[in-house]
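User: Hi! I have a structure open here and would love to talk it through with you. Can we start with the pockets?
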Amino acid sequence: MAEYDIRDISLAPSGHEKIEWVKYNMPVLKGLSEEFSKTKPFAGVKISLSVHLEAKTAYLCEVLADGGAQMYVTGSNSLSTQDDVAAALADKGLSVFAYHGATDEEYNRHIEMCLSQKPNVIIDDGGDLVGMLHTKRPDLAEEVWGGCEETTTGIVRLKAMDRDGVLKFPMMAVNDAKCKHLFDNRYGTGQSVWDSIMRNTNLVVASKTVVVVGYGWCGKGVAMRANGLGARVIVTEVDPVKAIEARMDGYDVMPIAKAAEVGDIFVSVTGDLKTITVENMLKMKDRAILCNAGHFDCEVDMSGLREAAVECKETRHNIMGYKLPNGKWVNVIGEGKLVNIAAADGHPAEIMDMSFAVQALSALYIVKNHEKLEKHLLRVTDDIDDEIARRKLAAWGTEIDSLTDEQQEYLSSWDVR
């Protein structure tokens, strides 16, 4: 029996069904699983993983285990862990340290338990594994060959660590791979955020004014889908170039202080803290809806809101209402945590098929090359991106053209006369 820290192993049957569902819709990972099962490229390799623990993540864990890896698994958000999925992984013999609704203390204990096996490779989502290995438990970093980071927030921190020369092992910037951020961040976040908002509020989006805070790839996806659903979209930004992009994409652009007065639904997608403050909330319409689509729960100032509120109550499942001193209410989905995974099922399986294929092949790249990799933040190679893209197109039955020798020579020459 696997070592695990979940609440009820009897939940496993429903978890297995969820994993089977996504498996059918993740053909790139399925193909890698078939290959890994034969070649066992991860034989004898210990992998510790901290990613939102739901069915798609579970299938990535199974694919790595099929390749011979010893898997140690935890979540990257206490509200996104699905107990039946965690139970299913434990039932299959993987070591799982996670359960839904863990306290901060319990969550950190799970992270440490996941690392206590002295992994060779880590797969991170937001930097919790890396953070603990560099602060509280640097002794556990000795056996780490390298790691892979899933999301923008984690990359921001890794860039700072790389700049300061403190990284103890190489990290692959999975989020920056083309087959990750161009699709996961834009189409995945765009769809799953609105899936969460609509299922939890049961309100129409058409005719409403939606304020998107931040216009990176995730913000672009949220704005695009809001526009497609019939909303008026306002973008707030600090980057002048991204603000121009938003204007040219057809959206209004203004400071958050002005947008607060007219918005009906607010979605923060920045990776920074306090992008929506209590001061902003005091300007909002009564019953405005707030949510966060960034990795950590600090974008909407929840601590300030709880302190300022004169009353709070659950207004719907996954929604807390806070009455402000001016008598108006604001409604926050998913406690200000990552809305599409804390209060829904996260990105579609077809999207995560590519993202997790990048994780799997990046982990394999570390295993094959760790002895010569430097302790820096490394980009995912073009070969990995191209291989995943071609596998995805093949799964769709889509063919593309190839350059002729003459065209290739023309593109590689400086003398084109």
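User: How do the lining residues of the second largest pocket divide into nonpolar, polar and charged?
Analyst: Keep in mind that this is a predicted model. The lining of that second largest pocket has three nonpolar, five polar and four charged residues.

User: Which residues line the second largest pocket?
Analyst: The lining consists of Ser 76, Asn 77, Ser 78, Asp 104, Tyr 107, Asn 108, Asp 128, His 295, Phe 296, Asp 297, Lys 337 and Leu 338. Helix H5, residues 104–115, gives the most to this lining, with three residues.

User: And how much space lies in the second largest pocket?
Analyst: About 370 Å³.

User: What about closed spaces: how many cavities of 30 Å³ or more does the structure hold?
Analyst: It holds one of that kind. The largest cavity has about 40 Å³ of space. Its lining is made of Thr 74, Gly 75, Ser 76, Asn 77, Ser 78, Thr 81, Ala 98, Tyr 99, Ala 102, Tyr 107 and His 110.

User: How does the lining of the largest cavity divide by class?
Analyst: There are seven polar residues, four nonpolar and no charged ones.

User: Okay, on to sheets. In what order do the strands of the eight-strand open sheet come?
Analyst: The order is E9-E8-E7-E10-E11-E14-E13-E12, and the pairing is mixed. Strands E9 (252–253) and E12 (311–316) each have a single partner strand, so each of these edge strands has one side left without a neighbour in the sheet.

User: Which way do E12 and E13 pair?
Analyst: They are antiparallel, with five bridges between E12 and E13 (residues 319–323). Within that pair, Lys 313 stands opposite Gly 321 in E13. The hairpin of E12 and E13 has two residues between the strands, and Asn 318 takes a positive phi near 75 degrees there.

User: And how do E13 and E14 pair?
Analyst: E13 and E14 are also joined by five bridges in the antiparallel sense. Here Lys 323 stands opposite Trp 329 in E14. Their hairpin has five residues between the strands, with Gly 327 at a positive phi near 90 degrees.

User: In which sense do E11 and E14 pair?
Analyst: E11 (residues 288–292) and E14 (residues 329–333) pair in the parallel sense, over three bridges. One bridge matches Leu 290 with Val 332 in E14.

User: What is the strand order in the sheet of seven strands?
Analyst: That open sheet runs E3-E2-E1-E4-E5-E6-E15, and its pairing is parallel. The edges are E3 (95–96) and E15 (377–378), each with a single partner strand, so one side of each lacks a neighbour in the sheet. Helix H15 (residues 349–369) packs on this sheet, touching E4 (121–124), E5 (146–149) and E6 (171–172). The direction of H15 makes about 160 degrees with that of E5.

User: How many bridges join E1 to E2?
Analyst: Five bridges join E1 (residues 46–50) to E2 (residues 70–74). Among the partners, Ile 47 is matched with Met 71 in E2.

User: Last topic: at what angle do H2 and H16 pack?
Analyst: Helix H2 (residues 27–39) and helix H16 (residues 382–396) pack at about 110 degrees, with their axes 9 Å apart. That makes H2 roughly perpendicular to H16.

User: Which residues meet there?
Analyst: From H2 you have Pro 27, Val 28, Gly 31, Leu 32 and Glu 35, and from H16 Ile 388, Arg 391, Lys 392 and Ala 395. By class, the contact has five nonpolar, one polar and three charged residues.

Key
Residues numbered from 1 in each chain as written. Predicted model: local features only at pLDDT ≥ 70, side-chain atom pairs only at ≥ 80, totals over all residues. Heavy atoms only, no water. Pairing = 2+ DSSP bridges. Helix = DSSP H or I, 4+ residues; strand = E, 2+ residues; numbered from the N terminus. Axes fitted to C-alpha atoms, helices over the stretch in contact; angles between N-to-C directions. Parallel < 35°, antiparallel > 145°, perpendicular 65-115°, else oblique. Contact = heavy atoms within 4.5 Å. Nonpolar A, V, L, I, M, F, W, Y, C, P; charged D, E, K, R; others polar. 1 Å grid on protein atoms, 1.4 Å probe; cavity = no way out; pocket = protein on both sides within 12 Å on 5 of 7 lines; lining within 4 Å. Points joined across faces, edges and corners; volume = space filled by probe spheres on them.
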